[in-house]
Amino acid sequence: MASRKMLIDGEDIQFNVDETTHFDFDLFVIGAGSGGVRAARFSANFGAKVGICELPFHPISSEVIGGVGGTCVIRGCVPKKILVYGATYGGELEDARNYGWELNEKIDFNWKKLLQKKTDEILRLNNIYKRLLSNSGVKLYEGEGKVVGPNEVQVTQLDGTKLSYTTKNILIATGSRAQRPNIPGQELAITSDEALSLEDFPKRAVILGGGYIAVEFASIWRGMGATVDLLFRKELPLRGFDDEMRAAVARNLEGRGILVHPRATLTKLVKTDGGVKVLTDHGEEIEADVVLFATGRSPNTKRLNLEAVGVELDRIGAVKVDEYSRTSVPTIWAIGDVTNRMNLTPVALMEGTCFAKNVFGGQDSKPDYSHIPCAVFSIPPLAVVGLSEEQAIEQAKGDILVFTSSFNPMKNTISQRQEKTIMKLVVDAETDKVLGASMCGPDAPEIMQGIAIALKCGATKAQFDSTVGIHPSAAEEFVTMREATRRVAGARKPKTSL
């Protein structure tokens, strides 16, 4: 029995590994989504012999269907953003008339054409991901993987043949799947998977949920001309985001014609000749062509056999890991949504990179979850980095300065669209350090990526103020907010009932 060294917190930590045993692989990854592919490629670049398995490709996932590229590429961020682009043209075409474009009153939208373009693109990306693995020397297996022991995996191929491989390390990167609430008639509803591949465009849609997926699909379908009812349990959508930004998003949704139902949920779905009838807990009845459940996601761990080999899961089935992404079994690791830490594609990429550096690169590397920017691709979008006002107040030792700017974007002055952009900086009054930034308005995600670098570098409000703006742009507002809108004592607790 020999021991293998690994750098953790700058110290050489030894783990007992029988080096005389021949392993088929140094690393075997179960799940070829964004995180799994990144970890596999980077580990191979460090000289590791790597295998990876993934379920066969299909746009709509199940326990036995997936595809190289994972949720983000096949049935998540990428196809969603394509549909957002498509939906944005709806409002742009309306606005174009006041810019001199003489358009016909009736402009047709071809859903099937966009859907085919979307499918072509995810197939292209699926093949690119396969090539990335091949070019890195990673061996790809198509089939369902499960853990048989601390150093053994089994892959069930499409024809039912079972292949077993030994490996020094196992990485679980199986992601998550949309879940359905237990409501009578729930089988009549769809999830985001199906919503991205609907054969016919829904003229009437009901969406249950207040998270980013619900808000984004409401914007997509409304932008393309559908009647949309959006129901969520709280007073405002997007729980966990800054309350002022949540209110701005809600106003924009209503301003774009979405029928918003706060503090509401569905109690029953009934099949009708014309589609689906939904009943709400307020006694309302709404007829719809499609009902979308956007009510959260569950980690993909049920069929992996993890608990049988000693890997601890939490109450929702997520894999428990330490700060280095190691599970309770020293040779088994997990990254991405399956761990339910911060469920974003770039975070899974970061975790995969850190894993490879740590295990095969000899570098003490662990994910840093501070100052991670994110966006909600509503129309217009919301983007944030750092602390919300509520989080800053909760965590602050001293006073907080809040700087806000609300204005009508220059483009809207001609188009006459009544939709304000709102920006916000949250600052530590004592140190002048910018703790958080948020924006709801056109191009917010593009602007916020640059702001995130500043916050990661520890920028102060004085440094923001001393930066010359780009004129005319919305982004320059972030460096021209001179006067604080309000000063808030850190001891005050934020509202939590929204």
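Gly 223 counts as partly exposed in this predicted model, because its relative accessibility of 27% falls between the 20% limit for buried residues and the 50% limit for exposed ones. This glycine lies in helix H6. Leaving aside neighbours within four places in sequence, Gly 223 is in contact with Ala 87 and Gly 90. Tyr 89 is 134 residues away from Gly 223 in sequence, yet their C-alpha atoms are 7.6 Å apart in space.

Helix H6 itself makes a good starting point for a reader new to the fold. The helix has 12 residues, which at 1.5 Å a residue should span 16 Å; the C-alpha atoms at its two ends are 16 Å apart, in agreement with that expectation. The buried residues of H6 are Ala 214, Val 215, Glu 216, Phe 217, Ala 218, Ser 219, Ile 220 and Trp 221. Just after the helix, Gly 225 takes a positive phi of about 110°.

From H6 the view opens onto the nonpolar interior. In soluble globular proteins, nonpolar side chains tend to be buried together. The largest nonpolar core here has 41 residues, and the members that touch the most others are Ile 207, Trp 221 and Leu 382. At least two residues of this core come from each of helix H3 (77-96), helix H4 (111-135), strand E10 (204-208), helix H6 (212-223), strand E11 (227-231), helix H7 (243-255), strand E16 (290-293) and strand E20 (382-386). H6 supplies the largest share, 6 residues. Apart from this core lies another, of 25 residues, which includes Ala 39, Ala 40, Val 50 and Phe 355. Not counting residues up to four places away in sequence, Ile 207 touches Ala 214, Phe 217, Ala 218 and Trp 221, and also Val 228, Asp 229, Leu 230, Leu 231 and Leu 292.

Attention can now turn to a sheet. Strands of a sheet pair through backbone hydrogen bonds, either parallel or antiparallel. In this case 3 strands form an open sheet in the order E13-E14-E15, with antiparallel pairing. Strand E13 (266-272) and strand E15 (285-288) each have a single partner strand and stand at the edges, so one side of each has no neighbour in the sheet. From one strand to the next, the twist averages 25°. E13 pairs with strand E14 (residues 275-280) over 6 bridges in the antiparallel sense, and the two strands form a hairpin with 2 residues between them. Within this pairing, Leu 266 has Thr 280 of E14 as its bridge partner, while Thr 272 stands opposite Gly 275 in E14.

Elsewhere, Val 148 offers another point of reference, in strand E6 (residues 144-149). With a relative accessible area of 36%, Val 148 is partly exposed. Its contacts, leaving aside neighbours within four places in sequence, are with Val 153, Gln 154, Asn 305 and Val 309. Val 148 and Cys 77 are 71 residues apart along the chain, and their C-alpha atoms are separated by 32 Å.

Several places in the backbone also deserve a look. Most residues other than glycine have a negative phi, and most peptide bonds are trans. Against that background, Ser 325 has a positive phi of about 75° although it is not a glycine. Ser 325 lies in the loop between strand E17 (297-299) and strand E18 (332-334), and is buried, with a relative accessible area of 1%. Asp 432, likewise a residue other than glycine, has a positive phi near 70°. The loop between strand E22 (421-428) and strand E23 (434-440) holds Asp 432, which counts as partly exposed at 25% relative accessibility.

Cis peptide bonds come next. The bond from Ile 379 to Pro 380 is cis, with omega near -5°, and Pro 380 is found in the loop between strand E19 (374-376) and E20. The bond from His 471 to Pro 472 is also cis, with omega near -5°. Pro 472 sits in the loop between helix H12 (461-465) and strand E24 (486-488).

A word on confidence completes the picture. The mean pLDDT of the chain is 94, and 94% of its residues reach 70 or more. Over residues 1-8 the pLDDT is below 50, and this stretch has 40 contacts in the model beyond near neighbours in sequence.

Definitions and conventions
Residues numbered from 1 in each chain as written. Predicted model: local features only at pLDDT ≥ 70, side-chain atom pairs only at ≥ 80, totals over all residues. Heavy atoms only, no water. Pairing = 2+ DSSP bridges. Helix = DSSP H or I, 4+ residues; strand = E, 2+ residues; numbered from the N terminus. Axes fitted to C-alpha atoms, helices over the stretch in contact; angles between N-to-C directions. pLDDT = per-residue confidence, 0-100. Contact = heavy atoms within 4.5 Å. Core = buried A, V, L, I, M, F, W, Y, C linked by side-chain atoms within 4.5 Å. Buried < 20%, exposed > 50% of the residue type's maximum accessible area, 1.4 Å probe, protein only. Expected span 1.5 Å × (residues − 1).
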